[in-house]
Amino acid sequence: MASSKSLIQTLLNPAAATKQWQHPKPHHYHHQHQHRPTSIKAIHASEPSKPSNPTAITTTGHGIPIPARWTIDGWKEKKALQMPEYPDQDELESVLRTLSSFPPIVFAGEARSLEERLGHAAMGDAFLLMGGDCAESFKEFNANNIRDTFRVILQMSVVLMFGAQMPIIKVGRMAGQFAKPRSDPFEERNGVKLPSYRGDNVNGDAFEEKERIPDPQRMVRAYCQSVATLNLLRAFATGGYAAMQRVAQWNLDFTEHSEQGDRYRELAHRVDEALGFMAAAGLTAEHPIMTTTDFWTSHECLLLPYEQALTREDSTSGLYYDCSAHMLWVGERTRQLDGAHVEFLRGVANPLGIKASDRMDPNELVKLIDILNPQNKPGRITVIARMGAENMRVKLSHLIRAVRSAGQIVTWVSDPMHGNTIKAPCGLKTRSFDAIRAEVRAFFDVHDQEGSYPGGVHLEMTGQNVTECVGGSRTITFNDLSSRYHTHCDPRLNASQSLELAFIIAERLRRRRLGARQSVRF
């Protein structure tokens, strides 16, 4: 654990123990965000998007041709994979016009603020924590679920901040993570063949013909749920719930009597002691750094008509932002260099993620980064590696070397979930905590070998007391899976498993910070 002095430095100024966060160049924010741009405090309307956005770049640094002009609907001229087929085009167009008239969900200045923070993570001066549902659903939408997931992310960030002695960038897979890619466009059961379930913003998960027909009205409901979710997150982040004085109260009931709960309580006690010292020194509880936190949202850019409908031109910068989320990522199945998703994303100014499996070719990654970030702006690109532990040890170093040789600046993040999905004897999909831990360890080991920065972790997790991933200190077994298996998509870590993983990562970050040379085992 951190010393009392370094603990106080972290709470007072999380960057004090490492390098100061310096702004490489000033941003022109809205007047409300001029002095301390925050990510979660207000939604601002922006002007309607214009038909095109001229750029001066015609080829990338690696010879990839790029059209001189990007248009908001130019992706329609490219091959778009993983797209639903709506039976009623007139209804679809009507819904999209409605969405285009709605206010943006997020503000462009908030996305710029996140990009700036991610630039620090790329340099090893911050750490990204991304977490949330595999896919949000209409059925499980309620305030308690949102609160509990947010609370676990807060707990994990405190644990990680202690270990790393650096700022933790908190990004939720929330307020928009509905759509899911499918390996097969159809699903067959007992001789009945229906379209695959693609997420609640497209169709229903019940295996019924009516439910599986893509319904554009679901996009409107997804928009409304995203707005309501983000509104609640904003309230939690700025209304006192996230205040450091409440750190001991964030413990969830079902983690209270557990090893992770005990470790967290010990940590919370040390925070309370530090807060008491700081109050005596004159830093009152009303100071903004003590009462609020920054929190951003993200989701996979998959349903392009929806993303286009929520894209706006920012009146302060003249750039286009996809205002459905602060950060978007392109998935393994839709990252084709000449595909529609890459074409759309290259024209929006949000920070972007690239999912990279063991099938990612290093040269292709360099070309993809070049298309999406031709100006090589720090914080613009986050590479999210999802490979499995053994593949991570073999493949990740080649990607790191290729990107470094190209002079590209990216934030490297581990997704230890998607490469470790297995089928349990009972037929349910699950993931092993040991395999997840092994992939995180491999991720850190490779970066230690390459002299690069492990910039963050990307998890599918929930604040609910589910039994979907096996293992962990509370030892969920295959036989336990069916007791509280609630996911309608992929298995998620529960709060106890998430917190356990946070302690593991925090210890690795602490040892890295202290410059330990010995081999680290966990």
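Colleague: Let's start with V470: which residues does V470 touch, not counting those up to four places away in sequence?
Modeller: Keep in mind that this is a predicted model. V470 sits in the loop between β16 and α14 (495–513), and at 9% relative accessibility it counts as buried. The residues V470 touches, leaving out those up to four places away in sequence, are T430, R431, S432, F433, I476, T477, F478, L481 and Q497.

Colleague: And how many ångströms separate the C-alpha atoms of V470 and D480?
Modeller: Along the chain, V470 and D480 are ten residues apart. Their C-alpha atoms are separated by 8.3 Å.

Colleague: Moving to T334, is it buried or exposed?
Modeller: T334 is placed in the loop between β10 (327–330) and α10 (340–345). Leaving aside neighbours within four places in sequence, T334 is in contact with L81, Q82, E300, L302, H341 and V342. The cut-off for buried is under 20% relative accessible area. T334 has a relative accessible area of 0%, so it is buried.

Colleague: How far apart are the C-alpha atoms of T334 and P181?
Modeller: Along the chain, T334 and P181 are 153 residues apart. In space, the separation of their C-alpha atoms is 8.7 Å.

Colleague: On to the rings. How many aromatic pairs does a search of the whole structure find, and what is the angle between the planes of F150 and F236?
Modeller: Searching the whole structure turns up nine aromatic pairs. F150 and F236 form a stacked one, with 5.8 Å centre to centre. The angle between the planes of F150 and F236 is 20°.

Colleague: Why does the pair of F150 and F236 tie together parts that are apart in sequence, and by how many residues?
Modeller: F150 belongs to helix α4 (residues 143–164) and F236 to helix α6 (residues 217–238). F150 is buried at a relative accessible area of 0%, and F236 counts as buried at 14%. Because the rings lie in those two helices, the pair ties together parts of the sequence whose distance in residues is 86.

Colleague: F150 also pairs with Y241; is that pair stacked, edge-to-face or tilted?
Modeller: F150 is in helix α4 and Y241 in the loop between α6 and α7 (259–280), 91 residues apart. F150 and Y241 are both buried. With 6.4 Å centre to centre and 40° between the planes, the pair of F150 and Y241 is tilted.

Colleague: Which residues do ring pairs link into a cluster?
Modeller: F150 pairs with F236, and F150 pairs with Y241. The cluster linked by ring pairs consists of F150, F236, Y241 and F295.

Colleague: Which residue lies over the face of F186?
Modeller: A charge counts as sitting over a ring if NZ of Lys or CZ of Arg is within 6 Å of the ring centre and within 35 degrees of the ring normal. Here the distance from the ring centre of F186 is 5.1 Å, and the residue is K193.

Colleague: Now the strands. Which residue of β4 is the bridge partner of M130?
Modeller: Strand β3 (residues 127–132) is mostly covered, with six of its six residues buried. Six bridges join β3 to strand β4 (residues 168–173), and the two run parallel. The partner of M130 in β4 is V171.

Colleague: Which residue in β16 does L128 stand opposite?
Modeller: β3 also pairs with strand β16 (residues 454–460), in the parallel sense over five bridges. Opposite L128 in β16 stands G456.

Colleague: What about β12: which residue in β13 does T382 stand opposite?
Modeller: In β12, I381, V383 and A385 point one way and T382 and I384 the other way, and all are buried. β12 and β13 pair in the parallel sense over four bridges. β12, helix α12 (residues 389–405) and β13 make a right-handed β-α-β unit. Opposite T382 in β13 stands T411.

Colleague: Last one: S414, buried or exposed?
Modeller: S414 has its place in strand β13 (residues 411–414). Leaving aside neighbours within four places in sequence, its contacts are A385, M392, V440, F443, G456, V457 and H458. At 1% relative accessibility, S414 counts as buried.

Technical notes. Residues are numbered from 1 along each chain as its sequence is written. This is a predicted model: local features need pLDDT of at least 70, side-chain atom pairs count only at pLDDT 80 or more; totals for chains, interfaces and linings use all residues. Side-chain values use heavy atoms; hydrogens and water are left out. Buried means under 20% relative accessible area, exposed over 50%, partly exposed in between (1.4 Å probe, protein chains only). Contact means heavy atoms within 4.5 Å. Rings of Phe, Tyr and Trp (its six-membered ring) pair if their centres lie within 6.5 Å; planes under 30 degrees apart count as stacked, over 60 as edge-to-face and the rest as tilted. Two strands pair if DSSP finds at least two bridges between them. A crossover is right-handed if, with the strands pointing away from the viewer, the path from the first strand over the helix to the second runs clockwise.
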